[in-house]
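User: I should like to understand the reasoning behind several terms applied to this model. Please set each value against its cut-off.

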Amino acid sequence: MAFQKAVKGTILVGGGALATVLGLSQFAHYRRKQVNLAYVEAAEYISEPVNREPPSREAQLLTLQNTSEFDILVIGGGATGSGCALDAVTRGLKTALVERDDFSSGTSSRSTKLIHGGVRYLQKAIMKLDIEQYRMVKEALHERANLLEIAPHLSAPLPIMLPVYKWWQLPYYWVGIKLYDLVAGSNCLKGSYVLSKSRALEHFPMLQKDRLVGAIVYYDGQHNDARMNLAIALTAARYGAATANYMEVVSLLKKTDPQTGKVRVSGARCKDVLTGQEFDVRAKCVINATGPFTDSVRKMDDKDAAAICQPSAGVHIVMPGYYSPESMGLLDPATSDGRVIFFLPWQKMTIAGTTDTPTDITHHPIPSEEDINFILNEVRNYLSSDVEVRRGDVLAAWSGIRPLVTDPKSADTQSISRNHVVDVSESGLITIAGGKWTTYRSMAEDTINAAIKTHNLKAGPSRTVGLFLQGGKDWSPTLYIRLVQDYGLESEVAQHLATTYGDKAFEVAKMASVTGKRWPIVGVRLVSEFPYIEAEVKYGIKEYACTAVDMISRRTRLAFLNVQAAEEALPRIVELMGRELNWDDYKKEEELETAKKFLYYEMGYKSRSEQLTDRSEISLLPSDIDRYKKRFHKFDADQKGFITIVDVQRVLESINVQMDENTLHEILNEVDLNKNGQVELNEFLQLMSAIQKGRVSGSRLAILMKTAEENLDRRVPIPVDRSCGGL
């Protein structure tokens, strides 16, 4: 079984945060001055979408059931699969897509959030005189420019600093980065430049300044990866593709070709994961775009098929925004074990990663404590000693499985390039494997080209270069101002809606609830410190959200930003979804528990509980123990050895502070390790020890008790908001 290697390269990486409005405006102006002819040609050939809005999931299921035969059936709703569906349907092919989970539920939502060509791959291409790697970088840089053009609301350029600590490295890195600009050619976002030590510290004040020589700044793109993936799938649906999430392929259908006598794949037996209903979806061509699960679908076709994917796990962590400048990233080109670490602003937080280690394939990858600490240690190496990098400041953590194309005998995943391979089996199954986020479009183009050639389908060339994704066509950097003026939304909420939904933000604003306040007039937040509003839950259902996990992780990004905030928002999200989807009490409870389990295992909440357990060591000086005991006994006036809600209420009332019982219960529950409804002295000392070591931060009980002790005589109100909510 021979491989057909993709004609176009594949060097991408998933991305980062959204840039400032000013940066977006400048970039939009810059890109309009360099209008690509490919976009003009695409616009002339592509008709308008057949649907003003994506059809409902129920309507899509009926289309899948009632269509006698599709031209193309895509298995997999990640970036590549959704890209294949969009490429096929815009060529006029009758297209279907099924995804066993949610769109972007796998690797595509767990990236570094960068849109880039790959600086380190260019270095490898030059050092090894590898023309193939060079072509892949060049192709990726072209795709970077296209993606920034077609989804301006979800993406933006980001300056990334490469700090230099040895004089000889300055010209070395400068030449490499300038070559990166040169390879990009007309697609260069903005020219790189050198900064002196003082200027570097102005831009990145938390940087380690000892031995710092200077820095080099270059530009790449970043995006909201899950929302970008969703925009691709929704755009495909608007152009007429029958797309359905939570549709699992149980088996492949086959039939004998009467002309050749060969057995050919002719569709798939699909199962609705939500209802259990099964039916056949027939197609002339089936495309396997299942990422890490590529080989499992290949084995449905041929149980003896050789494995072509070697999975690699990449862990990322999210920390408070004060760890990085608002609009400047950092690249560590050589970590202690030779890997590359990015340290980037994202959604007003800081994202750091990634690791690169061989792993087993699973639907529910879990970030390990070892990988989290590796990233934290590398971050410490680059930040000033004035900045205490605390384990407790990790707000979320996740692991994504990269589907690397490799020789199965290879054990070194770090040396593998992310180039893609298009494989055609004996029975006509088309597999697209490997690749990275940035080049999803060119990967899809290569795949559909192979499908047309293999199955003699009648279609023209790809038309996706320059094709706006949902929300991008009428977006502008000032769109959020109209949302503020027309609907009475907070400025922060309006900017969030504009950079999440693009020109569809007005539809979300129309659904927003009245707050009952003088200002904002509409837009009730799901959680106080993030700009997500209740209307997004209702709108998310129109975007095919079926579960609470869909809502907290991919329609909103709460789970990726702060797992504690996501958990706080869950009850209201489940209530709103239940109202829209007619869930009974049993279903609501099931959704709540499933979402909590997702946060606990897949988004790093498990790590929080492991930082403070009933077995945690107490490592405090005798003087500290005495001090904390005195603080504890101000609340435990009866010398019981534990404190309850009643004890806390008594102290608060003595200083004229009112707090509702539910909030107090939540505060004590964070520290109540044995869950007996009370906080014992030993638990309190374990908490204070963990805080001193940096394993825990933002404990509301610790802050409340400290402030109460200091202000018992002054009668000053006590702040009880989460302080970063660290894990």
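Analyst: In this predicted model, Glu666, Ile667 and Leu668 of helix H24 are in contact with Arg700, Leu701 and Leu704 of helix H26. The residues of this contact comprise four nonpolar, no polar and two charged.

User: Why are H24 and H26 called roughly perpendicular to each other?

Analyst: The axes of H24 (residues 661–669) and H26 (residues 700–711) come within 8 Å and cross at roughly 110°. Angles of 65 to 115 degrees count as roughly perpendicular, and the two helices are therefore described in that way.

User: What makes the pair Glu602 and Arg110 a salt bridge?

Analyst: The closest N and O atoms of Glu602 and Arg110 are 2.8 Å apart. The cut-off is 4 Å, so the pair qualifies. Glu602 lies in helix H20 and Arg110 in the loop between strands E3 and E4, 492 residues apart. Both residues are buried.

User: How do you know that Asp280 and Arg282 meet in a salt bridge, and are these residues buried or exposed?

Analyst: Their N to O distance is 3.8 Å, and the limit is 4 Å, so the term applies. Partly exposed covers the range between 20% and 50% relative accessible area. Asp280 has 28% and is therefore partly exposed; Arg282, at 38%, is also partly exposed.

User: Why is Glu492 counted as partly exposed?

Analyst: Glu492 has 27% relative accessibility, so it falls between the 20% and 50% cut-offs. Its side chain meets that of Arg525 in a salt bridge of 2.9 Å, N to O.

Notes:
Residues are numbered from 1 along each chain as its sequence is written. This is a predicted model: local features need pLDDT of at least 70, side-chain atom pairs count only at pLDDT 80 or more; totals for chains, interfaces and linings use all residues. Side-chain values use heavy atoms; hydrogens and water are left out. Axes are lines fitted to C-alpha atoms, for helices over the stretch in contact, and angles run from 0 to 180 degrees between N-to-C directions. Helices (H or I, at least four residues) and strands (E, at least two) are DSSP runs, numbered from the N terminus. Angles under 35 degrees count as roughly parallel, over 145 as roughly antiparallel, 65 to 115 as roughly perpendicular and the rest as oblique. Contact means heavy atoms within 4.5 Å. Ala, Val, Leu, Ile, Met, Phe, Trp, Tyr, Cys and Pro count as nonpolar, Asp, Glu, Lys and Arg as charged, and the others, Gly among them, as polar. Buried means under 20% relative accessible area, exposed over 50%, partly exposed in between (1.4 Å probe, protein chains only).
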